[in-house]
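Look at the model below and follow the chain from its N terminus. The text starts with one small part and then turns to the whole.

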Amino acid sequence: MKAILQRVLSASVTVDKEVVSSIGKGVLVFAAVAPGDTEKDVDSLAAKVLKMKLWDDDAGGRWRKSVTDIGGEVLCVSQFTLLASTKKGNKPDFHGAMGGDEAKRLYQYFVDKVQQGYAADRVKNGVFQAMMEVALVNDGPVTLELSAGQKAAPTPAPAPSK
């Protein structure tokens with residue numbers, strides 16, 4: 001599972017010209033589920049979203065407070081395109097994203113876990129598989145990539161033999 005976190009002053013999701021979710025100060029989370037992801041991976045990422053230190057404290061200490069510490073809001077948006085491969089050619093390949101009902105189930109499980117870890121009324125959601133217009137006012141900007149699950153870093157090439 002992969003997520004992009006953006007610290008925002010505000011964000012909203014519009015579907016069919018209707019605003020379906022909006023938040024004030026907090027984090028916008030674009031999230032994608034990969035084949036092989038499990039509920040354990042989702043649990044880990046949901047906790048990370050809520051615990052990531054993105055704000056300064058009142059004494060000026062850098063990177064000391066999380067979204068829960070500041071009483072901010074969270075807007076979750078499903079975005080399978082985060083898992084695109086662009087290694088070959090100019091057309092993205094989306095085989096790295098989980099599809100169908102299982103992706104929807106795990107994404108909704110992610111949103112539920114974020115709500116359970118914080119406060120349901122402080123966590124909003126887009127519309128899974130909808131064409132969404134996402135508007136945001138970046139704060140910083142601060143943007144981080146988070147991941148959990150089986151997608152490990154590539155194995156380094158072996159050293160040449162002598």
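Strands β1 and β2 make a hairpin, with 2 residues between them. One residue of this turn, Asp16, has a positive phi of about 50°. The model is a predicted one, so these values describe a prediction.

The two arms of the hairpin can be traced on either side of the turn. Strand β1 covers residues 2–15 and strand β2 covers residues 18–23. They run antiparallel, and 5 bridges join them. Which residue in β2 stands opposite Val13? That place is taken by Ser21. In a regular strand, side chains alternate between the two faces of the sheet.

Now to the whole chain. The secondary structure of the protein consists of 2 helices and 6 strands. Read from the N terminus, the order of the elements is β-β-β-α-β-α-β-β. The C-alpha trace spans about 55 × 45 × 30 Å along its principal axes.

How do the contacts relate to the order of the chain? Among contacts in the protein with a separation of 6 or more, 74% are between residues 24 or more positions apart.

The last topic is burial and surface. The protein has 162 residues, and 38% of them count as buried, meaning that their relative accessible area is under 20%. About 9500 Å² of the protein is exposed, and carbon and sulfur atoms supply 51% of that area. As for charge, there are 21 positive and 19 negative side chains. The centres of these two sets lie 7 Å apart.

Terms used. Residues numbered from 1 in each chain as written. Predicted model: local features only at pLDDT ≥ 70, side-chain atom pairs only at ≥ 80, totals over all residues. Heavy atoms only, no water. Helix = DSSP H or I, 4+ residues; strand = E, 2+ residues; numbered from the N terminus. Buried < 20%, exposed > 50% of the residue type's maximum accessible area, 1.4 Å probe, protein only. Contact = heavy atoms within 4.5 Å. Areas by Shrake-Rupley, 256 points an atom, 1.4 Å probe, with all protein chains shown as cover. Lys, Arg positive; Asp, Glu negative; His and termini not counted. Charge placed at Lys NZ, Arg CZ, Asp CG, Glu CD. Pairing = 2+ DSSP bridges.
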